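Open the model in your viewer and keep the selection panel at hand. The stops below say what to select next and what to look for.

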Amino acid sequence: MPQATAFEQALGTLAPSVIEETIRVTEIPAPTFREGTRAEYARARFEEIGGWEDVTVDSISNVVAVRKGAPDRARLLVVAHLDTVFPDEATPVTRSRGRLTGRGVGDNSLGVAALLGVAQAIQKHAPKGLGDLILATNVGEEGRGDLRGVKRLLKDYQGQFDAVIAVEGHALNRIQLHGVASLRHEISVATDGGHSWGAYGRPNAIALLARAITAIEPLMPEVGVEPRTTMNVGVIHGGRSVNTIAPDATLELDIRSVDPQRVTSLLRSVRAAMRDAVGEEGEMAFRRIGNRPGGTIEEDHPLVQAAVQARSGLDLPAPEFNAGSTDANAALDLGYPATCVGVTTGGEPHTPREWISTGPIAQGVPYLGRTIVNAARLSRSDVARLG
Ligand SMILES: [Zn+2]
């Protein structure tokens with residue numbers, strides 16, 4: 001197919017411009033909840049590429065470019081998150097010996113830059129037989145963003161797409177099959193408190209909370225047991241002064257599993273065990289402070305195979321099929337076929353020392369472009385909702 005060849009040739013020459021784009025994107029700070037400036041940049045780039053039905057920015061700064069395709073083919077929503085875990089400040093990039101180093105350089109500036117590069121190649125060389133493409137650079141993937149950007153897109157574009165691909169810069173050799181579901185709760189105990197001498201004998205909220213933590217010890221999932229499940233008390237605070245019976249104490253609990261049902265069942269057991277431990281002596285409150293849904297797609301699903309086949313001839317290793325916590329989670333939770341693919345390899349994401357290798361980008365961009373095109377050529381029946 002000559003069109004495919006022109007498209008593939010274009011993909012093969014994109015790496016240098018994607019690297020430059022990665023630097024430009026990284027140098028626009030985009031902490032979660034303040035992605036606006038980076039979003040405006042992405043919108044301008046989509047406009048420059050041109051050829052879209054529509055380029056829009058919604059009220060939370062998700063940027064969306066829509067390209068109409070053949071009606072019988074799979075309609076894809078492709079997302080690359082804009083936000084980083086780093087607070088507002090200068091985010092310079094340094095280049096040395098085949099590496100870029102900088103905050104968010106791979107997570108997810110490269111994801112955004114590669115998506116823009118592939119978008120350009122698709123518009124310029126128009127591979128035949130694709131379904132509709134909804135390409136988005138979205139907000140709120142990291143931390144307390146709680147996937148709010150992709151959740152909004154899944155809602156707003158409901159009925160206009162069949163499958164979802166998330167792009168993460170670092171994940172070249174991983175294809176996501178499982179969304180690790182997580183639930184985070186703030187759990188507090190309140191009592192009447194009082195003077196440690198004068199009111200001695202009244203219940204102490206810190207002691208009650210400690211009892212509650214001890215009570216969930218037997219529920220801690222074992223290491224190395226499937227489905228992989230973890231539980232962590234990460235923060236604890238409470239009390240007023242050394243001579244006050246603590247009137248309040250709070251902890252933050254994180255529960256994760258590759259099996260979403262395990263998360264909810266474990267949380268149910270935690271609640272019961274803690275309430276039992278505290279009894280009538282204190283007032284307990286559970287407040288949800290985070291909810292990342294999860295789900296699973298099979299390795300032989302046509303969407304996953306679209307990514308696997310895209311690797312052939314690119315001299316890439318066999319992919320590792322992994323469990324992740326990405327924008328794909330929210331789509332899997334709603335029953336859409338979804339996965340997450342990457343563009344290069346690197347290290348130390350979420351630290352100021354984050355780096356990526358520039359060499360593999362020459363394979364990673366064609367891999368991403370082919371994955372999107374392979375997936376958008378599937379028939380709509382191949383990408384029906386997961387059972
Ligand atoms: Zn990321």
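**Stop one: the zinc site**

Select Glu-168: its relative accessibility is 13%, so it counts as buried, the cut-off being under 20%. The model is a predicted one.

Now add the zinc ion to the selection. Which protein atoms are its donors? They are His-81 (NE2), Asp-107 (OD) and Glu-168, which appears twice through OE. These donors lie 1.9 to 2.5 Å from the zinc ion. If you display the angles among the four donor atoms, they run from 55 to 151°. The site is therefore classed as irregular, since a tetrahedral one would need all angles between 85 and 135 degrees.

Along the chain, the zinc donors follow the spacing H-x25-D-x60-E. Colour strand S3 (residues 76-81) and strand S7 (residues 163-168) next: His-81 is in S3 and Glu-168 is in S7. This pair is 87 residues apart and links distant parts of the chain.

Stay on His-81 for a moment. Is it buried or exposed? His-81 has a relative accessible area of 1%, so it is buried.

**Stop two: a three-stranded sheet**

Select strands S15, S8 and S16, which form an open sheet in that order, with mixed pairing. The edge strands are S15 (295-296) and S16 (320-324), each of which pairs on one side only.

Narrow the selection to S8 (residues 174-179) and S16. How many bridges join S8 to S16? There are five, and the two strands run parallel. To check the register, pick Gln-176, which stands opposite Asn-322 in S16.

Conventions. Residues are numbered from 1 along each chain as its sequence is written. This is a predicted model: local features need pLDDT of at least 70, side-chain atom pairs count only at pLDDT 80 or more; totals for chains, interfaces and linings use all residues. Side-chain values use heavy atoms; hydrogens and water are left out. Two strands pair if DSSP finds at least two bridges between them. Helices (H or I, at least four residues) and strands (E, at least two) are DSSP runs, numbered from the N terminus. Donors are N, O and S atoms within 2.8 Å of the metal (3.2 Å for Na, K and Ca); water is not among the atoms, so sites may look incomplete. Four donors count as tetrahedral if all angles lie between 85 and 135 degrees; four count as square planar and six as octahedral if opposite donors are over 155 degrees apart and all others between 65 and 115; anything else is irregular. Buried means under 20% relative accessible area, exposed over 50%, partly exposed in between (1.4 Å probe, protein chains only).
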